[in-house]
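This report describes the fold, the cores, the ligand shell and some local backbone features of the model displayed below. Please keep the sequence and the structure in view while reading.

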Amino acid sequence: MKSPLLLTIALCSLLAVAVHAATPAQGQAVPAAGDPSAGAKLVQQNGCEGCHGAGLKGGTVGPRLYGIERKLSPAQIADFIKHPRSPMPDFGFTDAQIADLVAYVSSLDGGANADKPVATFDPATPKDGATITVRFPGTPPKSVVAVPVMQMGKGAMNSDKVVLTPSPSDAHVFTGKLTFGMGGPWIVRLQYDGHTMDIPVTVGS
Ligand code: HEC
């Protein structure tokens, strides 16, 4: 162990062995989405914060990972951890562990989904109609339109398109009254400032 580089390599292989020991049973399916709390443990055990700083907000050696999901796709983050550039060591993580790490580092600032609107229906299981309430956590959109759509075989049936109105007391909240022609599985397609979001809703008959 004359050179610090050799010491680093030796430490890394030790870490890699420790990590492998904690690997779940072989042959287990790789989960599509990782578990952020398992990822948090891996970050602690492997000293990521030593380089990437407390809370992964950036250190003297490693860049800020906090908010990384706004910059890189999950596949790009996974690829970097799998094929790191020096001085970041290759920890030899399994794909499942990498998925956990990606889930964790992507969730630090609330995740990319933090900006997604949340819709609720009143009544929760509508019959002929319902009031939809949509909350936009980020900047409120300029206009919001809701179109109830029912898939029918190859075609689709649209109910009347409704322009939602902002709440007088909260600019982030939009409401409107929707009508459904019949019971069954519907989708309410929200269009706001060039975005589209489909919300499934079951309509009772
Ligand atoms: C020895 C210091 C060191 C350790 C320990 C370390 N990293 Fe890194 N990491 C770096 C450096 C330096 C870079 C930037 C490399 C580059 O871009 O050339 C980096 C880059 C990254 C990136 C890509 C960031 C981007 O914006 O492109 C991810 C993701 C990452 N590290 C995750 C981790 C995780 C997770 C751990 C713990 C399991 C970890 N790192 C441990 C030094 C380290």
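In which loop does Leu108 lie? In this predicted model, Leu108 belongs to the loop between H5 and E1. Leu108 counts as partly exposed, because it has 19 C-beta neighbours inside 10 Å, and a residue is called buried only if 20 or more other C-beta atoms lie within that distance. Leaving aside residues up to four places away in sequence, Leu108 touches Leu56, Tyr66 and Gly67. The C-alpha atoms of Leu108 and Glu69 are separated by 9.3 Å, although these two residues are 39 residues apart along the chain.

**Overall fold**

The protein contains five helices and eight strands, and the order along the sequence is α-α-α-α-α-β-β-β-β-β-β-β-β. Of its 205 residues, 20% are buried. Among the contacts with a separation of 6 or more, 55% are between residues 24 or more positions apart.

**Helix H5 and the two cores**

The largest nonpolar core has 15 residues, and within this core Ile98, Leu101, Val102 and Val105 touch the most other members. Helix H5, which covers residues 95-107, gives the most to this core, with seven residues. Ile98 touches Ala78, Ile81, Lys82 and Phe93, when residues up to four places away in sequence are not counted. A second core, separate from this one, has 14 residues, including Phe174, Trp186, Val188 and Val203. As general background, nonpolar side chains tend to be buried together in soluble globular proteins.

H5 itself has 13 residues and reaches 18 Å from its first C-alpha to its last, which is close to the 18 Å expected at 1.5 Å a residue. Because 10 of these 13 residues are buried, H5 is largely enclosed by the rest of the structure. The buried residues of H5 include nonpolar ones such as Ile98, Leu101 and Val105, and also Gln97, Asp100 and Ser106.

**The shell around the ligand**

The ligand has 21 residues around it, of which Cys48, Cys51, Gly62, Arg85 and Met88 come nearest. The elements that give two or more residues to this shell are helix H3 (48-52) and helix H4 (74-82), and the largest share, four residues, comes from H3. By class, the shell consists of 15 nonpolar, five polar and one charged residues.

**Strands E7 and E8, and a link to E3**

Strand E7 (residues 184-192) and strand E8 (residues 195-203) run antiparallel and are joined by nine bridges. The two strands form a hairpin with two residues between them, and Tyr192 stands opposite His195 in E8. In the turn, Asp193 has a positive phi of about 45°, and this residue is not a glycine. Asp193 counts as exposed, because it has 11 C-beta neighbours inside 10 Å.

Gln151 is found in strand E3 (residues 144-152). The C-alpha atoms of Gln151 and Trp186 are separated by 7.2 Å, although 35 residues lie along the chain from one position to the other. Trp186 is among the members of the second core, whereas Gln151 is exposed, with 12 other C-beta atoms within 10 Å.

**Local backbone features**

Where is the other positive phi to be found, that of Leu56? Leu56 lies in the loop between H3 and H4, and its phi is about 55° although it is not a glycine. Unlike the exposed Asp193, Leu56 is buried, because 21 other C-beta atoms lie within 10 Å. Leu56 is also one of the residues that Leu108 touches.

The model further contains cis peptide bonds, which are listed here with their omega values and places.

| Peptide bond | Omega | Place of the proline |
|---|---|---|
| Ser86 and Pro87, cis | about 10° | Pro87, loop between H4 and H5 |
| Asp122 and Pro123, cis | about 0° | Pro123, loop between strand E1 (118-122) and strand E2 (129-135) |

Terms used:
Residues are numbered from 1 along each chain as its sequence is written. This is a predicted model: local features need pLDDT of at least 70, side-chain atom pairs count only at pLDDT 80 or more; totals for chains, interfaces and linings use all residues. A nonpolar core is a set of buried Ala, Val, Leu, Ile, Met, Phe, Trp, Tyr and Cys residues joined through C-beta atoms within 7 Å. Two residues are in contact if their C-beta atoms, placed from the backbone, lie within 7 Å. Two strands pair if DSSP finds at least two bridges between them. A residue is near a molecule or strand if its C-beta atom, placed from the backbone, lies within 6 Å of it. The expected span of a helix is 1.5 Å times one less than its number of residues.
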